[in-house]
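Dear colleague,

I am handing over the structure below, and I would be glad if you kept it open while reading the notes that follow. They deal with charged side chains and how they pair.

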Amino acid sequence: MSLEEVYNANALFDGFMKSRQGVEWKEGVQKYEANLMLNILHTRKEMMADSYTPKPMTEFRLNERGHTRHIKAQHIADRVVQRSLNDNVLIPKVRPMLIYDNGASLKDKGLDFARRRFEIHLRNAYKEYGGEAYILLMDFTKYYDNVRHKEALEMFSKVLETDELHFLSKCFEEFAVDVSYMSDEEYAACMDKPFSALAYAEMPKQGHTGKRFMRKSLGIGNQSAQVTGIFYPHAIDNYCKTVKGLRYYGRYMDDTYIIMQDKAELKELYEKIRSMCAELGIFINERKTHIRKISGWLTWLKINYRLKQSGGLARKVHSSTFRRERRKLKRFHESYKAGRMSYQHINQCYKSWRGTYTRYDSGAKLRKLDNYFKKLFEEENQNGRKAEEHSGKAAGDYQSAGASGKQKQRDWRLQDYQVL
């Protein structure tokens, strides 16, 4: 499979149909779709002539899960290309190199998959070792901001063909960081020091003259960057799983756990992983990295776990998740009062969030948050109940009139719509 599979018209069309999901309302997407076939033909010709150049990205901040991130969003035309590249080249060729317990951003995997695998490993380790086993919980700091382009392309060169690798390198070029403001000494050492895209975005632009570029850092909003983030530490994954033969190992993007019986051996392994990370330019967050017994409370992907003596597992949602949702509901209420959001949309968002965590042992906190939601939107809830009572009464009156079944159903739906 070569780059022809990426700029094939059918592949680009499929890329657009997947890229538009959830953003059909955006002006840029609608304009692109208005001349879809012509835009796809134009992109295809550019890629065939090797003259394709991505458009300037839109940069903004996003506060997600309590973290402020600097996002670089691509134009819809470039997202179509990235989607086609991702689905037809990168994922098919990269996935066989990944371990099973690497659960991020892959089909049939994801956050729930990673949490389930952690629970399975924790229970099995308890059966095998008892409560005296140890777990290493490791986190990378500013992971995407410090991915080195050269090392990443060298990894991809083992699985991609020449034209595919050349195109991917052109995609990486748009993430090169202008560091013309640096001195010679700073520039020589910049690859070995942590870089923060958020702090860089706050710097004045006068020093960005285009004379020097630091070729590391990837944008979170880019699909090829997501695949690179999954693939970049795969040597560490394979060392732990294949070379060391560890059964209780898993990774979700920049979060990693390892369970072993011997604490000294686990510390020795951690030092080896640190040296491998240094070679890749990955910086370990020492504040969030620790070794502890599996018998105590453990936090993995915002869920608190604790093993019971019976072998069962207590699972509670992290308190920060509830605090974040409470703040979000308060902002939603302000937007509702200002007329920017409807109550139906807010109610749907809250139910969707709540459904994610009903499987965990946090019923009391969920009920407490339910009461907070009802208190915030007390007036709206009362109006909704009145509407339901009125609808039910109207339905009873209609049924007593003896209308036919199909006509009754059609008129009832119309009446319900008019009441709401």
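Asp 50 has a relative accessible area of 44%, so this residue is partly exposed, in what I should say at once is a predicted model. Its partner in a salt bridge is Lys 170, with 3.3 Å between the closest N and O atoms. The two residues are 120 apart along the chain, Asp 50 sitting in the loop between α4 and β1 and Lys 170 in helix α8, which covers residues 162-173. Lys 170 also counts as partly exposed, because its relative accessibility is 25% and that class begins where buried, under 20%, ends.

A second pair is formed by Glu 161 and Lys 93, whose closest N and O atoms are 3.9 Å apart. Since Glu 161 belongs to the loop between α7 and α8 while Lys 93 belongs to helix α5 (residues 76-94), this salt bridge ties together parts that lie 68 residues apart in sequence. Glu 161 is partly exposed at 34% relative accessible area, whereas Lys 93, at 18%, is buried.

The third pair is Lys 241 with Asp 101, a salt bridge with an N to O distance of 2.9 Å. Here helix α12 (residues 234-243) supplies Lys 241 and the loop between α5 and α6 supplies Asp 101, so that distant parts of the chain, 140 residues apart, are linked. Asp 101 is buried, its relative accessible area being 6%.

Beyond these pairs, Lys 18, Arg 83 and Asp 87 are joined into one network by salt bridges that share partners. In total, the structure holds 22 salt bridges.

With best wishes

Terms used
Residues numbered from 1 in each chain as written. Predicted model: local features only at pLDDT ≥ 70, side-chain atom pairs only at ≥ 80, totals over all residues. Heavy atoms only, no water. Salt bridge = Lys/Arg side-chain N within 4 Å of Asp/Glu carboxyl O. Helix = DSSP H or I, 4+ residues; strand = E, 2+ residues; numbered from the N terminus. Buried < 20%, exposed > 50% of the residue type's maximum accessible area, 1.4 Å probe, protein only.
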